[in-house]
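Here are some exercises to help you find your way around a new structure. Try each task yourself, then follow the solution step by step.

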Amino acid sequence: MNLHEFQAKALFRSAGIPVPPGELITGVDDTAGAWARLGTDTVWIKAQVHSGGRGKAGGVVRASDAAEAEAAVARLLGARLVTGQGGPEGFPIDQVLMEPAAAIAREFYFGMLVDRARASVVMVISAEGGMDIEELARDRPAAVVTLPIHPATGVMPFHGRRVAQVLGLRGDPARAAARLVADAYRLFESSDAQLLEINPLVLTSDDRLLALDAKLVIDDSAAYRQREIFGLRDARQRHEAEERAHEHDLNYIRLDGSIGCMVNGAGLAMATMDLIQHHGGQPANFLDVGGGTTVERVAAAFKLILSDPSVRAVLVNIFGGIVRCDLIAEGIIAAIREVQVQVPVVVRLEGTNAEAGRAALAASELDIVAAADLDQAARAAVEAAA
């Protein structure tokens, strides 16, 4: 789950990570009061959306007086911000964050993420912040340093010294960097984060470290024990279909193709999408119904796929190891009858209760193409969508 910048900064602040003061604005009439409370000559007004690249997209605006600030807030609130990290529909701007402009001496990058290959948290640091870290790592990999944190020991004193060395900090700023590393790791662990990012982390002209931006992504699997944080979820920042999928515990991502996919298991889903492309088609979505599937959940998944007007055919590929094929068949039949499907449906069932599932589909007298294997199913789906 993504958090807004202002939400992440509130958690940063509670963890001891230094962040600038800020005012959250949800209405243009709140601008003058926010300006007065900050008591500064220059502010940054930042659209609160779940996307990076806000500055390049016009979502971060500098204002030098109250009138400029109000004009910027009026332009942003209620608009949609189209960034390089989202689709053409953009993200709705329901609130903006106003912060005083900092006196920046240097900009850095600091991040923590889960490295599954190392089975540990890894710090990513660079003395060059305020830019796209992926581009920097691609163009000048030596400028980006990774530092693993062993799960048995957590942050050790050498981590702080190494970060200070990479960033070129000495004295008080170096000690502040060591405290930031320890505080960030404690927050990362306690919040079940997958990613913590500060870009830029700045050294001010009076030698203070300050997190000017904040990104925090929380593991969805931890929702049961991070209820307070998950109460901050902003459903408007997700595609409507993806939010409905979340309500049914489905893993769904909309894509640009014309063949809807319903598969159980992420690996099988990716293999199915690859095979569709191999035969000249394009998948319209990634959808993993997972295990423990019920008829209602499968019907909901089917309706999600068909909510995309680009879908011209549907491929259902189920291997009945973690879910029963007869349940999938019942869900398909229920969804087709309820939604009144107008596109071809290709189904491949194999594994637990596959024969019962195929028998149920045949007895339904619905217009369903049964495939004997995955390759045949992919070819049939591509032909049906042509």
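**Exercise 1. Find which residues the UniProt domain annotation covers, and describe the chain there.**

Step 1: In an unreviewed UniProt entry, the annotation "domain: ATP-grasp fold succinyl-CoA synthetase-type" covers residues 2-202. The model you are looking at is a predicted one.

Step 2: Over residues 2-202, helix makes up 34% of the chain and strand 27%. The C-alpha atoms at the two ends of this stretch are 23 Å apart.

**Exercise 2. Work out the strand order of the open sheet and name its edges.**

Step 1: Four strands form the open sheet, in the order 1-6-2-3, and their pairing is antiparallel.

Step 2: Strand 1 (23-25) and strand 3 (60-63) each pair on one side only, which makes them the edge strands. From one strand to the next, the twist averages 25 degrees.

Step 3: Now look at one pairing. Strand 1 and strand 6 (residues 96-100) run antiparallel and are joined by three bridges. Glutamate 23 stands opposite methionine 98 of strand 6.

**Exercise 3. Say which strands helix 1 and helix 3 meet.**

Step 1: Helix 1 (residues 5-15) lies across strand 1, strand 2 (43-47) and strand 6, and runs at about 50 degrees to strand 6.

Step 2: Helix 3 (residues 66-76) also packs on the sheet, where it touches strand 1, strand 2, strand 3 and strand 6. The directions of helix 3 and strand 3 make an angle of about 160 degrees.

**Exercise 4. Check whether the length of helix 6 agrees with its number of residues.**

Step 1: Helix 6 (residues 171-190) has 20 residues, so at 1.5 Å a residue it should span 28 Å.

Step 2: The end C-alpha atoms of helix 6 are 29 Å apart, which agrees with that expectation.

Step 3: Look along the helix for buried residues; among them are Pro173, Leu180, Tyr185 and Phe188. After helix 6 comes aspartate 192, with a positive phi near 55 degrees.

**Exercise 5. Decide whether alanine 266 is buried, partly exposed or exposed, and find its contacts.**

Step 1: Start by locating alanine 266, which lies in helix 9 (residues 266-278).

Step 2: Its relative accessibility is 35%; buried means under 20% and exposed over 50%, so alanine 266 counts as partly exposed.

Step 3: Setting aside neighbours within four places in sequence, alanine 266 is in contact with Phe286 and Asp288.

Step 4: Asparagine 251 is 15 residues from alanine 266 along the chain, and their C-alpha atoms are separated by 8.7 Å.

How values were computed:
Residues numbered from 1 in each chain as written. Predicted model: local features only at pLDDT ≥ 70, side-chain atom pairs only at ≥ 80, totals over all residues. Heavy atoms only, no water. Pairing = 2+ DSSP bridges. Axes fitted to C-alpha atoms, helices over the stretch in contact; angles between N-to-C directions. Contact = heavy atoms within 4.5 Å. Buried < 20%, exposed > 50% of the residue type's maximum accessible area, 1.4 Å probe, protein only. UniProt positions renumbered as here; feature names shortened; annotations may be inferred. Expected span 1.5 Å × (residues − 1).
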